[in-house]
Amino acid sequence: MDREHFYSIMNGEGTLDYEIYLNTKKLLACQKEFHEFCNKDELQFQIVHQIEELWMKLIGYTLLDIDEYLQQENTNRVLTLFRRAHLALKLMIDQLPLLETMSPKEYQEIRAGLGNGSGQESPGFRTLLRMHPHIWNSFKTCYLDRHGLTVEKIYATEYNHSDAYVVAEALAEFDELFQKFRYHHLQLIHRTIGLGAKSLKGRSVEMLNEGLRTVFFPDLWQIRNKMTDEWGGQYGVVRDSLGHD
Ligand code: HEM
């Protein structure tokens, strides 16, 4: 196949309605020119990162709507939009292994052209890191405080699978998926540059590990510990065999 021929037609003319509406001319110009790539993996590297930014933009935008619907206690809307945010987070996780088709050697070549650039500077990620306190505050004010409820009541003493409970579980799922993204990203680093590399020692690895330990909604995780401890003080310490008389 004539590579140059396909390069020249791959981005389209940008004149058809589909291309105009989706702004494909601009979109497909967001990657380096074909002749500028340092190797055959760099297009994928740029595209995966750009798509991740788009999903984070959608998630952030969706969380803004979720926040408003939480304040209105519109549970159906909240759950539908959380489903969207969860699915987008899953897509973020699922596309990371694409980068494992790039060899460590080829990544080193790409890395050389990244300057000081780092995922820490991701606008989408930084936005998402700032949103969870607002989401929690709206949930707590409107679904708990306003009704004289607490996390303990909706999960344990007054558990009846209420709206507050299902919304809390949607929050927990969001938290869990965000953690999973962090975990899979760490695995990707392990696979590509190795977690023991000198350049990673110290701050970077500490920061990534710290991220893995951070949850957005700690109350929703603590309640599980509390319930398990109260449910059976002996659980995990002494266990009767099922075959015991
Ligand atoms: C081969 C691929 C990748 C490698 C080797 C890699 C490597 C790293 C490293 C070493 C860090 C620690 C900070 C630093 O030292 O700069 C980091 C942070 C980060 N990376 Fe990646 N990364 C890759 C792909 C991605 C992708 C596809 C995303 C998509 C969003 C991403 C998002 C982030 C974010 C958000 C941080 C900051 C993490 C935090 O603050 O907890 N990375 N990455």
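Helix 9 makes the greatest contribution to the shell around the ligand, with six residues; helices (H or I, at least four residues) are DSSP runs numbered from the N terminus. The model is predicted, and local features need pLDDT of at least 70, side-chain atom pairs count only at pLDDT 80 or more, and totals for chains, interfaces and linings use all residues. Residues are numbered from 1 along each chain as its sequence is written, and side-chain values use heavy atoms, with hydrogens and water left out.

At least two residues of the shell come from each of helix 4 (42–71), helix 9 (163–192) and helix 10 (203–213). The ligand is surrounded by 22 residues, of which His49, Ser118, Phe125, His185 and Ser204 come nearest; a residue is near if one of its heavy atoms lies within 4 Å of the molecule. By residue class, the shell comprises 13 nonpolar, seven polar and two charged residues, where Ala, Val, Leu, Ile, Met, Phe, Trp, Tyr, Cys and Pro count as nonpolar, Asp, Glu, Lys and Arg as charged, and the others, Gly among them, as polar.

His185 is located in helix 9. Its NE2 atom, at 2.1 Å, is the only protein donor of the iron atom of the ligand; donors are N, O and S atoms within 2.8 Å of the metal (3.2 Å for Na, K and Ca), and sites may look incomplete, since water is not among the atoms. A nitrogen atom of the ligand also lies 2.8 Å from a side-chain N or O atom of His185. For oxygen atoms of the ligand, the corresponding distances are 2.8 Å to the side chain of Ser118 and 3.4 Å to that of Arg182.

Notes. Polar contact = N/O pair within 3.5 Å; in protein donor to acceptor, adjacent residues only side chain to side chain.
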